[in-house]
Amino acid sequence: MAKTLEQLRSQRWFADDSMRAFAHRQRTQQTGYRRDEFMGRPVIAIINTWSDISTCHVHLRERAQRVREGIIRAGGFPLELPALSLGEVMVKPTTMLYRNLLAMETEELLRSHPIDGAVLMGGCDKTTPALLMGAFSMNIPAIYVPAGATLSGWFQGEKIGTGTHTRKYWDEKRAGNLSEEAWLKLESSMTRSHGTCNTMGTASTMTLIAEAMGMSLPGAATIPAADSAHPRMCALAGERIVQMVWEDLTPREIVTRESLENAIITYMALGGSTNAAIHLVALAGRLGLELPLEWLDQWSQKIPVIANLMPAGQYLMEDLYYAGGSQGLLNRLTDFLHLQARNVNGATLGENIQGSPIYNDDVIRPLDRPISTQGTLAVLRGNLCPDGAVIKPAAATPELLVHRGRALVFENHAQMSAQIDDPALAVDANTVLVLKNAGPQGAPGMPEWGGLPIPKKLLAQGIRDLVRISDARMSGTHFGTCVLHVAPESYAGGPLALVQTGDWIELDVPKRRLHLDISEEELAARRAAWQPPAKVFARGYVVLYGQHVTQANLGCDFDFLQGTDPVPEPEIF
């Protein structure tokens, strides 16, 4: 339904013949704008997560200018509103701790200001779900602009991926197979431009999910950050958001259950990050939709992994762009997708991807020639994870997907870091490493500690993977047989808290089973003797987080932000 000028939210601030509206107009002119530049125009917020220390987003300051130009050309009035910048590498203990804070900030920036529509600028792992969560809750017209991936890296003649090869070469250095000189050279040559990780890590998984659910312009997610097409896309987004305001095209009209399913199908075809399982559940919750983990598992068993991208495959995001990009990939999935789902550009998914070519069948594989038959995500159940756990079979060692071994337990990350390279560590190739107190409340914030390092003594023996279990997350750029997101977490008294060194643990991914092989009587006795750990939360935002964050299987959102209750409009006085 088309909107009239009188129906715009911003008119409540600017249009009245009142002292308060006078003050709003006066103050806006104070910043150098003429009255006719903002009166009678849709006001568009540019929610920008630019930061000097967020290397994924350093170019977004310039890109915001292109968005601004597009908004002005289309007859809108742009206002850039800086938001929390969550750079995955630098923010400690983890950006996941602050995802909900950015989601809250996005919602409140849009609610409390005279905003009619929004362009959301992000890209690094948690910024995409956070910006979308806030926009879904606010439910005014919004369009997401992804930061784009960095260019491909090269080292010693080998194409290298951000994160994936960091872990690979770190293990080789610890094993004594890489010189200090080579390590320093790798440090300065791995990342060649601004932008997000160039592997199919969490950043690109989530930006492609955003596009597949209709929240980005067609093809936006796979444009490299340094490519000249990227600023052009930003300008087009600025133009389009103004039209969306007049059309009153809101997120909840775009992202339906079918759109969410399109996002899941795309996620599985990409061999995407396990982190997306948490973010998709949280996004669905903001739309009032339930997303059981088993739904993800079911699609994982139906959709082959056809994006030949690291860490599960061979190529990088720049290669995907040249091979046909997101639109080519989606076109290959036509038989599975809901083609009538809408996109922010006003067309349907089917209209947008029709005829999209693929130029390299090794990067975007045919459906009958996938890079892995194991699937992107498996959801495990058992007495060790009654509310679920996940593993990425496509990035695991096939021989370890069915495994029985004795546990070696670390009570926390500090203990693990202090002991993992001890030559006397009682560990062998069959050992199951277990890390506790690394979940949403226990860490706090559920850091990417789930890819536990291989003990140095095993690296020296040529061993590069073990079964590893934790209530933590793992970087989407990493690989290995890692069971993650164990719920309930150990800090909250989940069964993981009761595991002891020497216990037998059985992993059976084909049967979706994770089992602690002790009697129910022993398990009950341990539960009765268990004492809650000392409180992690002392002050500040972390206290709020600890009191209200949900478990991994529920999306780690704040319990008071889920659902579709109307966001109250502020009183103008």
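Strand S1 (residues 43-48) and strand S3 (residues 117-122) pair in the parallel sense over 5 bridges, where strands and helices are DSSP runs numbered from the N terminus, with at least two residues (E) for a strand and at least four (H or I) for a helix, and two strands count as paired if DSSP finds at least two bridges between them. The model is predicted, so that local features need pLDDT of at least 70 and side-chain atom pairs count only at pLDDT 80 or more, whereas totals for chains, interfaces and linings use all residues. Residues are numbered from 1 along each chain as its sequence is written, and side-chain values use heavy atoms, with hydrogens and water left out.

Within the pairing of S1 with S3, Leu-120 in S3 is the bridge partner of Ile-47. Both strands belong to an open sheet of 4 strands with parallel pairing, arranged in the order S2-S1-S3-S4; at its edges lie strand S2 (77-82) and strand S4 (142-146), each of which pairs on one side only. From one strand to the next the twist averages 20°. Helix H5 (residues 96-112) lies across S1, S2 and S3 and runs at about 160° to S1, while helix H6 (residues 127-138) lies across S1, S3 and S4 and runs at about 165° to S3; such angles run from 0 to 180 degrees between N-to-C directions, with axes fitted to C-alpha atoms, for helices over the stretch in contact.

Ile-47 and Leu-120 are also among the residues that touch the most other members of the largest nonpolar core, which holds 109 residues. A nonpolar core is a set of buried Ala, Val, Leu, Ile, Met, Phe, Trp, Tyr and Cys residues joined through side-chain atoms within 4.5 Å, buried meaning under 20% relative accessible area with a 1.4 Å probe and protein chains only. With residues up to four places away in sequence not counted, the contacts of Ile-47 (heavy atoms within 4.5 Å) include Leu-81, Leu-109, Val-119 and Leu-131. A second, separate core of 27 residues includes Val-467, Leu-496, Leu-507 and Leu-523.

Elsewhere, strand S9 (residues 402-410) and strand S13 (residues 504-508) run antiparallel and are joined by 5 bridges, with Trp-504 in S13 as the bridge partner of Arg-406. S13 also pairs with strand S14 (residues 513-516) in the antiparallel sense over 4 bridges, and Glu-506 stands opposite His-515 in S14. These two strands, S13 and S14, form a hairpin with 4 residues between them, and Arg-512 in the turn has a positive phi of about 55°.

Methods:
Buried means under 20% relative accessible area, exposed over 50%, partly exposed in between (1.4 Å probe, protein chains only).
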